[in-house]
Amino acid sequence: MKRTKKCPKCKSSDIIEIPGGRKMYSFIPTGAFSAINVIKLVCGNCGHIEDWLEDVKDIQKIKDKFGDSF
Ligand SMILES: [Zn+2]
(Lines give C-alpha, C1' and ligand atoms only; values in the text may rest on other atoms or scores of the structure.)
Protein backbone atom coordinates (compact mmCIF):
# COMPACT_ATOMS: atom_id res chain seq x y z
CA MET A 1 0.00 0.00 0.00
CA LYS A 2 2.84 2.37 0.86
CA ARG A 3 4.85 1.62 -2.24
CA THR A 4 2.03 0.83 -4.62
CA LYS A 5 -0.27 3.67 -3.46
CA LYS A 6 -3.09 1.20 -3.97
CA CYS A 7 -5.42 -0.34 -1.41
CA PRO A 8 -4.74 -4.11 -1.07
CA LYS A 9 -8.40 -4.73 -0.23
CA CYS A 10 -10.37 -2.84 -2.86
CA LYS A 11 -7.57 -1.80 -5.28
CA SER A 12 -8.53 1.87 -4.99
CA SER A 13 -5.74 4.38 -5.52
CA ASP A 14 -7.48 6.95 -3.31
CA ILE A 15 -4.97 6.74 -0.44
CA ILE A 16 -4.81 9.35 2.32
CA GLU A 17 -1.49 9.60 4.19
CA ILE A 18 -1.63 10.74 7.83
CA PRO A 19 1.75 11.80 9.20
CA GLY A 20 3.06 10.30 12.43
CA GLY A 21 4.02 11.98 15.67
CA ARG A 22 2.78 12.67 19.18
CA LYS A 23 0.48 15.46 17.99
CA MET A 24 -1.23 12.96 15.70
CA TYR A 25 -1.41 10.30 18.44
CA SER A 26 0.42 8.10 16.01
CA PHE A 27 3.59 6.76 17.57
CA ILE A 28 5.12 3.87 19.49
CA PRO A 29 6.66 4.94 22.80
CA THR A 30 10.14 3.53 23.37
CA GLY A 31 10.95 5.52 26.50
CA ALA A 32 9.77 8.44 28.63
CA PHE A 33 10.93 10.99 26.07
CA SER A 34 11.46 8.94 22.96
CA ALA A 35 9.02 7.57 20.45
CA ILE A 36 8.92 6.22 16.93
CA ASN A 37 6.56 7.92 14.53
CA VAL A 38 3.99 5.81 12.71
CA ILE A 39 2.46 6.88 9.41
CA LYS A 40 -1.11 5.80 8.74
CA LEU A 41 -2.38 5.15 5.26
CA VAL A 42 -6.16 5.23 4.96
CA CYS A 43 -8.05 4.02 1.93
CA GLY A 44 -10.44 6.75 0.81
CA ASN A 45 -12.76 4.17 -0.69
CA CYS A 46 -13.20 1.29 1.80
CA GLY A 47 -11.56 2.65 4.98
CA HIS A 48 -8.78 0.06 5.22
CA ILE A 49 -5.90 1.35 7.38
CA GLU A 50 -2.24 0.41 7.33
CA ASP A 51 0.45 1.50 9.77
CA TRP A 52 4.06 2.09 8.68
CA LEU A 53 7.12 3.23 10.55
CA GLU A 54 8.12 6.68 9.35
CA ASP A 55 11.74 5.55 9.10
CA VAL A 56 12.74 1.92 8.53
CA LYS A 57 15.90 2.60 10.56
CA ASP A 58 13.59 2.59 13.59
CA ILE A 59 12.99 -1.14 13.17
CA GLN A 60 16.15 -1.75 15.22
CA LYS A 61 14.77 0.40 18.05
CA ILE A 62 11.59 -1.70 18.03
CA LYS A 63 13.67 -4.88 18.21
CA ASP A 64 15.74 -3.47 21.08
CA LYS A 65 12.66 -2.44 23.01
CA PHE A 66 10.17 -5.21 22.24
CA GLY A 67 12.13 -7.97 20.53
CA ASP A 68 12.50 -10.24 23.54
CA SER A 69 9.53 -9.23 25.62
CA PHE A 70 6.84 -11.32 23.91
ZN1 LIG B 1 -9.75 0.15 0.02
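**Asn37, Cys46 and the E3–E4 hairpin**

Setting aside neighbours within four places in sequence, Asn37 touches five residues by the contact criterion: Gly20, Gly21, Ser26, Phe27 and Glu54. The model behind this is a predicted one. Asn37 itself sits in strand E3. As for its surroundings, Asn37 has 17 C-beta neighbours inside 10 Å, so it ends up in the partly exposed class, given that a residue needs 20 or more to be buried and 12 or fewer to be exposed. Lys63 is not on the contact list of Asn37; the C-alpha atoms of Asn37 and Lys63 are 15 Å apart, with their positions 26 residues apart along the chain.

Stepping back to the whole chain, there are four strands and one helix. Going along the sequence, the order is β-β-β-β-α, which puts the helix after the strands. Measured out along the principal axes, the box filled by the C-alpha atoms comes to roughly 35 × 25 × 20 Å. Of the 70 residues in the chain, just 4% count as buried. As for how contacts are spread over the sequence, take those between residues at least 6 apart: 41% of them link residues at least 24 apart.

Strand E3, the one that holds Asn37, covers residues 35-43 and pairs with strand E4, residues 49-53. The pairing is antiparallel and runs over five bridges. Within it, Val42 faces Ile49 of E4. The two strands form a hairpin with five residues between them, and there Gly47 adopts a positive phi near 90 degrees.

The loop between E3 and E4 also holds Cys46. Is Cys46 buried or exposed? It is exposed, because 12 other C-beta atoms lie within 10 Å, and 12 or fewer is the cut-off for that class. Even so, Cys46 has partners from elsewhere in the sequence: once neighbours within four places are left out, its contacts are Cys7, Lys9, Cys10 and Ser12. One of these, Cys7, is 39 residues away from Cys46 along the chain, yet the C-alpha atoms of the two are separated by 8.6 Å.

Put side by side, the two residues look like this: Asn37 is partly exposed and lies in a strand, whereas Cys46 is exposed and lies in the loop that follows E3 and leads to E4.

Notes: Residues numbered from 1 in each chain as written. Predicted model: local features only at pLDDT ≥ 70, side-chain atom pairs only at ≥ 80, totals over all residues. Pairing = 2+ DSSP bridges. Contact = placed C-beta atoms within 7 Å.
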